[in-house]
Amino acid sequence: MQSNSSNSITVSVIMITYGHEKYIRQAVEGVLMQQCSFKVELIIANDSSPDKTNVIIEDVIKNNPKAGWINFINRDKNIGGQSNFKDALERCQGKYIAHCEGDDYWTDPYKLQKQVDFLENNPEYVLSFHTVKILKPNGELVKDFITKVPENYETLEMLARLGNYIHTPSIIYKNIITELPFEMMISPIGDYFLYMLLAEHGKLKYFEEEMAVYRFGVGIHSTQDQIKMAKSNFKLFTLLLSYFKDPKINSILLDRQLNALDSFEHLVRNEYREAFISHNMFFKILKSLQAPKKFWKKVKRKIVKKIAC
């Protein structure tokens, strides 16, 4: 990763993609439509998609007049999301880095200009993010119902306390992370970990402007999905506790880790309660069939006892 003020590239845009055949063109063109007074590079890292994602990217490169912005990495083998991101990040030459994954897209052609102007004029800030629209699976475009940005959102402490209120396609940040820690590389949730790393170095700035669209493709979460998420959260906070050394931040993270554990236990109990009950009844019945005389004597004693009462 480089942060050289003499570098001619001001913003490096990372676009991680896998299986985004239906969406990748809109994502790439949303970056290429940016109107800027500075130089931009777009690093597209296709993690060996099984569909025609690479064909569509190559078509854009062939036909878009701003294709010179693009550095296309088309992997022969799938290396996984975190490794794909790490490799793309290490290629970034810009003073600032922005993200737009292959299934999201930008809608404001002046998005980068606005965010860079702010960061250039306010050196105490390390990251800028903004409001997004949410695109539902049925094609409905709605206001953000996933996140709520708190009043005092700017600090590491608040980010640790309240969790992730930042959408990935909205961010731009200073290229200051020299090495991704081991804990982040094995974290099931990488974006929040990255924001926590950055918040160690400065404040966060929120723009109440809708300049991108986040594609919400999961639909209604099943209990199994919730169990998986609770497990991921527990692992995330465990890894954050391993990385951070600030007692105040770790105290907050510990509380959130324990809450994630409680949530996981509650969900598992609810999901498998009926199975546990059925399992227990099955073995009681099986045991009675193995010793029928003893079983019926026990039933007879209970009936006689009730009649006597």
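In which helix does asparagine 250 lie? In this predicted model, asparagine 250 is found in helix α9, which covers residues 247–290. Is this residue buried or exposed? Asparagine 250 counts as buried, because its relative accessibility is 17% and buried means under 20%. Once its neighbours within four places in sequence are set aside, asparagine 250 is in contact with Leu240, Leu241, Phe244 and Lys245.

Two of these contacts lead on to the nonpolar interior. Leu240 and Phe244 are also among the residues touched by methionine 196, as are Leu156, Leu159, Ala160, Ile249 and Leu253, with residues up to four places away in sequence not counted. Methionine 196 belongs to the largest nonpolar core, a set of 46 residues in which Met196 and Leu204 have the most contacts. Helix α7, residues 190–199, supplies the largest share of this core, with eight residues. A further core lies apart from that one and has 34 residues, including Leu42, Val60, Ile70 and Ala212.

Val60 appears again where two helices pack together. Two packed helices are described by the angle between their axes and the distance between the axes. For helix α1 (residues 24–32) and helix α2 (residues 53–63), the angle is about 30° and the axes are 9 Å apart. The crossing of α1 and α2 is right-handed. On the α1 side, the contact is made by Ile24, Arg25, Val28 and Leu32, and these meet Thr53, Ile56, Ile57, Asp59 and Val60 in α2. Sorted by class, the residues of this contact are six nonpolar, one polar and two charged.

Attention now turns to charged residues. Side chains of opposite charge can pair when their charged atoms come close. How many salt bridges does a search of the whole structure find? The search finds 13. In one of them, glutamate 120 pairs with lysine 95, and the closest N and O atoms are 2.7 Å apart. This salt bridge links distant parts of the chain, since glutamate 120 sits in helix α4 (residues 111–121) and lysine 95 in the loop between α3 and β4, 25 residues apart. Glutamate 120 counts as partly exposed because its relative accessibility is 41%, and lysine 95 is likewise partly exposed, at 38%.

A salt bridge is also formed by the side chains of glutamate 154 and lysine 203, with an N to O distance of 4.0 Å. Here the partners are 49 residues apart, with glutamate 154 in the loop between β7 and α5 and lysine 203 in strand β9 (residues 203–215). Glutamate 154 has a relative accessible area of 23%, so this residue is partly exposed, and lysine 203 counts as partly exposed at 30%.

Helix α9 returns in another salt bridge, between lysine 248 and glutamate 157, whose closest N and O atoms are 3.1 Å apart. Because lysine 248 lies in helix α9 and glutamate 157 in helix α5, the pair ties together parts that are 91 residues apart in sequence. Glutamate 157 is partly exposed, with a relative accessible area of 27%. Salt bridges can also share partners, and in this way Arg75, Asp87 and Arg91 are joined into one network.

One more residue completes the picture. Glutamate 90 is placed in helix α3, residues 81–90, and counts as partly exposed because its relative accessibility is 39%. Between the C-alpha atoms of glutamate 90 and isoleucine 177 the separation is 9.8 Å, although these residues are 87 residues apart along the chain.

Terms used. Residues are numbered from 1 along each chain as its sequence is written. This is a predicted model: local features need pLDDT of at least 70, side-chain atom pairs count only at pLDDT 80 or more; totals for chains, interfaces and linings use all residues. Side-chain values use heavy atoms; hydrogens and water are left out. Axes are lines fitted to C-alpha atoms, for helices over the stretch in contact, and angles run from 0 to 180 degrees between N-to-C directions. Helices (H or I, at least four residues) and strands (E, at least two) are DSSP runs, numbered from the N terminus. A crossing is left-handed if the near helix is turned anticlockwise from the far one by less than a right angle, and right-handed if clockwise. Contact means heavy atoms within 4.5 Å. Ala, Val, Leu, Ile, Met, Phe, Trp, Tyr, Cys and Pro count as nonpolar, Asp, Glu, Lys and Arg as charged, and the others, Gly among them, as polar. Buried means under 20% relative accessible area, exposed over 50%, partly exposed in between (1.4 Å probe, protein chains only). A nonpolar core is a set of buried Ala, Val, Leu, Ile, Met, Phe, Trp, Tyr and Cys residues joined through side-chain atoms within 4.5 Å.
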